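Here is a short briefing for the bench. Look over the sequence and the structure first, then read the points by topic.

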Amino acid sequence: LTLLSSHEPLPFRFAGPTALKSADGTGIIARGTLRLEKPARFYHRVLRQAGRDWSSDSLLAVLTPIVRGAFEEILADFGGAHAGTLQSELMALEPTRLDEFLEPVGLYCASLAAYTDTPPVEDCPDPDSLLSDEFLHN
């Protein structure tokens, strides 16, 4: 007997060595949660692939390529966006955007946060200009 809970989220995270990369090589950090929508589909397409080991690590090993693939498809739609534009696109990315890629395995994305791993510094003012008399008031 297998009981699957649709109330417990499955977290995912891409950061550090597992960070995603945009077309120009900018690192992208993403994290979120997945929820079960179609238990039978999830069982047949995920749990059976995991074999008898249904630990969090085993499930993440099966789910990570699916979620990564979804992000790569979405990033391809962004094209070679400028770093500042890419940051804006990622921050506006809705969890439902991943659903078309997750639906075949019976999941949907419940929460999502994605952003570049470095701020777009070319949009920042010259650091010396911050020290002007207009910035510092004595």
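**A buried phenylalanine and its surroundings**

Phe 71 has a relative accessible area of 1%, so Phe 71 counts as buried, the cut-off being under 20%. This is a predicted model. The points below start from this residue and move outward.

**Aromatic pairs**

- The whole structure holds three aromatic pairs.
- Phe 14 and Phe 71 are edge-to-face, because their ring planes stand at 80° and edge-to-face applies over 60. Their ring centres are 6.1 Å apart.
- Phe 14 sits in strand β1 and Phe 71 in helix α2, so this pair ties together parts that lie 57 residues apart in sequence.
- Phe 14 is also buried, at 1% relative accessibility.
- Phe 12 joins Phe 14 and Phe 71 in one aromatic cluster.

**Contacts of Phe 71**

- Neighbours within four places in sequence are set aside here.
- Phe 71 then contacts Phe 12, Phe 14, Leu 20 and Ala 30, among others.
- Its further contacts include Leu 93, Leu 98, Leu 112 and Ala 114.

**The largest nonpolar core**

- In soluble globular proteins, nonpolar side chains tend to be buried together.
- The largest nonpolar core here has 30 residues.
- Phe 12, Leu 34, Phe 71, Leu 98 and Leu 107 touch the most other members.
- At least two core residues come from each of β1 (10–14), β3 (27–36), α1 (39–50), α2, α3 (83–91) and β4 (107–116).
- Helix α2 gives the largest share of this core, with nine residues.

**Helix α2**

- Helix α2 covers residues 56–78, 23 residues in total.
- From first C-alpha to last, α2 reaches 31 Å, close to the 33 Å expected at 1.5 Å a residue.
- A bend of about 35° falls at Leu 63. Pro 65 follows within four residues.
- Buried residues of α2 include Ser 58, Leu 59, Val 62, Leu 63 and Val 67.
- Also buried in α2 are Ala 70, Phe 71, Ile 74, Leu 75 and Phe 78.
- Gly 79, just after α2, takes a positive phi of about 65°.

**Asp 99**

- Asp 99 belongs to helix α4, residues 99–102.
- What does Asp 99 touch, not counting residues up to four places away in sequence? Tyr 108 and Cys 109.
- Asp 99 and Cys 109 are 10 residues apart along the chain, and their C-alpha atoms are separated by 6.1 Å.

Key
Residues are numbered from 1 along each chain as its sequence is written. This is a predicted model: local features need pLDDT of at least 70, side-chain atom pairs count only at pLDDT 80 or more; totals for chains, interfaces and linings use all residues. Side-chain values use heavy atoms; hydrogens and water are left out. The expected span of a helix is 1.5 Å times one less than its number of residues. The bend at a residue is the angle between axes fitted to the seven residues ending there and the seven starting there. Buried means under 20% relative accessible area, exposed over 50%, partly exposed in between (1.4 Å probe, protein chains only). A nonpolar core is a set of buried Ala, Val, Leu, Ile, Met, Phe, Trp, Tyr and Cys residues joined through side-chain atoms within 4.5 Å. Contact means heavy atoms within 4.5 Å. Rings of Phe, Tyr and Trp (its six-membered ring) pair if their centres lie within 6.5 Å; planes under 30 degrees apart count as stacked, over 60 as edge-to-face and the rest as tilted.
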